[in-house]
Amino acid sequence: MEKRIRVLLAKPGLDGHDRGVRVVARALRDAGAEVIYTGLHQTPQQVVDAALQEDADIVGLSILSGAHNTLVPEILELMKAEGMNDVPVLLGGTIPDDDRPGLQAMGVAAVLGPGTSMREVVKLVRELAARRQVEP
Amino acid sequence: MAETLEKFRTLDNDPLKRVYTPADVAAPGAEDQIGMPGEFPFTRGIHAEMYRQKPWIMGMYSGAGSAEETNQRFHYLLSQGQTGFSIALDLPTQMGYDPDDPMSKGEVGKVGVSLASLEDLERLFDGIPFEKVRQIRTTANAIGPLFAAMVIAMARRQGIDPRTINLFIQNDILKEYIARGTYIYPPAPSVKHSVDVIEYCAKNGLRNWTPMSVSGYHIRDSGATPAQELAFCLANTIAYFQEAVRRGVKVDDFAHNVWMFLAGDINFLEEVAKFRCARRVWSNLMRERFGATSSETLALKIFCYTLGGHLTAQQPLNNIARVAIMTLAAVLGGVQTIATSSYDEAFSTPTPEAATIALRTQQIVAHESGVTGTVDALGGSWALEALTNQLEERVLAILEVVEQKGGAAACIESGYFQQALSKAAYQYQCEVDSGERVLVGVNAYQASEEAKIPMYRPNPDGERRQVAAVQALRSRRDNAAVEAALARLEQAARRGNNTMESLIDCADAYATTGDICGTLRGVWGRYRDPAVF
């Protein structure tokens with residue numbers, strides 16, 4: 001039997017807008033993934049600890065407060081320090097276009113803005129997970 | 001002829017008829033439940049004259065970056081004819097962290113202004129003539145009591161009678177656990193803390209103050225249907241009012257000052273029905289459950305904010321049209337205050353230009369559309385009255401379920417509300433993804449190239465300056481006085497006394513938001529959400 005994809009969804013920072021992340025959580029679960037949701041108000045360290053503990057294949061972050069340029073680099077740094085360079089990070093929320101190239105250069109696999117369909121999210125997660133399994 | 005949909009349904013998944021007739025609204029007693037404007041059960045509006053007498057209060061959302069920047073914006077908006085002001089607070093302030101707390105990193109001044117102490121409030125209101133301001137509103141919830149205390153401390157220092165200020169605080173903590181997430185302490189002590197403001201205002205003659213604005217808005221924005229928006233909000237209201245009554249505050253001594261904050265969505269007829277239904281359910285609830293007799297208590301005052309979640313990042317100028325329709329629905333629904341969203345709200349805090357267009361939209365509806373001349377002009381429409389009745393049945397049924405599950409706080413701790421919203425939001429998104437629900441510019445009529453719109457960017461140096469300011473304050477203030485005030489606050493909280501007087505002392509001593517909320521966290525603990533979806 002194929003291993004189920006384990007996705008850790010997290011809300012780093014103080015932002016409490018979680019409608020989007022909860023909808024994504026349901027969509028991924030319905031698509032067969034194992035979804036672990038951290039809940040609100042996580043520090044970067046808590047997010048990375050959870051990803052390690054849960055042996056996540058993919059990490060999805062949701063930020064709508066504008067704090068992404070502070071929080072995302074910290075999370076990526078901590079993941080690197082833990083040797084999790086191979087775990088793709090997806091970012092959802094209100095991320096201005098101008099900030100996207102910088103975040104992607106830093107290592108974010110994709111930025112999913114408002115209006116992204118659930119189908120696109122599921123497809124992307126599957127592709128990233130598959131790519132990870134062939135690139136040991 | 002074939003119709004465009006197989007089934008026409010309301011947002012609550014109730015049937016929507018092709019055509020309504022008198023038979024749809026002919027139930028016994030139906031006439032009494034419609035009534036006349038200004039009369040029980042206020043379905044048709046809370047005043048006989050409504051907007052013929054005075055237009056609704058036009059309020060806008062503002063506040064970002066430093067206190068000085070927000071102060072400049074207030075001066076500008078006042079000069080543009082705005083009469084109500086809202087102060088958006090940044091997340092560290094709303095969650096009781098100082099700007100230099102590790103939790104605040106990257107969030108200071110981002111979605112609103114940072115209020116680290118009374119000093120920031122004094123800067124915010126510098127030079128604002130209170131006689132021109134009809135209403136000051138703020139999103140303070142977990143720190144609602146602290147914000148009120150800061151305003152009282154500021155007024156006392158300036159020799160202004162706090163009773164002459166018209167303060168409107170949200171102070172509805174229960175909905176934070178359901179939707180918006182800016183809670184600090186667990187639900188039970190938080191309800192008591194919120195009710196402290198109600199009790200304080202009732203006992204200190206603060207007749208112009210709105211000590212609480214029970215909010216369906218955020219619940220709706222998190223995915224609720226119209227019935228869930230009203231029912232969850234009313235369930236929270238019942239929890240607060242029971243606590244206030246338990247303390248011996250009579251319902252007719254405070255409930256008239258409690259407003260309801262609802263979303264203004266674009267689904268036109270259902271929204272008009274929702275505002276009418278809200279007033280009817282409220283007045284019946286106040287009379288039957290709480291024994292209210294004053295018509296001021298029975299008449300629900302509604303603050304409406306156009307639904308941000310329904311604006312799109314794609315083809316953002318389309319949002320101007322959406323907001324106009326939402327505004328019209330709110331006006332035909334008879335609300336008392338409207339705040340309109342700026343078309344760029346889906347991206348960021350509004351730019352001044354976008355905020356001005358949002359205000360102009362209200363002015364066009366008020367002065368050009370002609371709908372203000374007739375009170376409840378849509379009342380008596382078979383479709384509208386039937387939708388109002390149908391929604392009322394739904395709301396009462398949900399309230400019954402919540403009651404059986406032990407009330408609002410129990411439903412929060414079990415995750416019942418949160419899961420209901422996740423389910424509704426997911427359902428909605430499935431309909432958008434399948435194309436069954438058309439969103440212009442999102443899943444239909446897409447543009448090949450998106451127009452760039454100007455973005456508001458908070459000053460990148462703002463966080464550093466605010467950190468420096470609070471650190472300077474700590475070394476300048478009388479720290480012994482701060483410690484003493486915090487010790488009194490701790491004692492009040494431990495004894496279960498009203499915290500308002502000790503909060504005022506803390507604010508007056510320039511204790512910081514972090515000092516104060518940290519003290520209360522030490523007594524009440526902090527809340528962790530069940531993380532359900």
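Here are legends for three close-up views of this predicted model. Residues count from 1 along each chain as its sequence is written, and chains are lettered from A in the order in which they are written. Since we're looking at a prediction, local features need pLDDT of at least 70, side-chain atom pairs count only at pLDDT 80 or more, and totals for chains, interfaces and linings use all residues.

**View 1. Chain B as a whole.** Chain B has 20 helices and eight strands (DSSP runs: H or I of at least four residues for helices, E of at least two for strands, numbered from the N terminus). Its C-alpha atoms fill a box of roughly 80 × 60 × 45 Å along the principal axes. Of its 533 residues, 54% are buried, that is, with 20 or more other C-beta atoms, placed from the backbone, within 10 Å of their own.

**View 2. Where chain A meets chain B.** Here 27 residues of chain A are in contact with 30 residues of chain B; contact takes C-beta atoms, placed from the backbone, within 7 Å. On the chain A side, α1 (19-30), α3 (68-81) and α5 (118-134) each supply at least two residues. The biggest giver is α1(A), with five residues.

**View 3. Helix α13 of chain B.** This helix takes in residues 352-367, and its end C-alpha atoms are 22 Å apart, which agrees with the 22 Å expected for 16 residues at 1.5 Å a residue (1.5 Å times one less than the number of residues). Its buried residues are Ala354(B), Ala355(B), Ala358(B), Thr361(B), Gln362(B) and Val365(B). They sit on the same side of α13(B), because they cover an arc of only 110 degrees around the axis, judged by the directions from the helix axis to the C-beta atoms.

Key. A residue is buried if 20 or more other C-beta atoms lie within 10 Å of its own, exposed if 12 or fewer, and partly exposed in between; C-beta atoms are placed from the backbone. Two residues are in contact if their C-beta atoms, placed from the backbone, lie within 7 Å.
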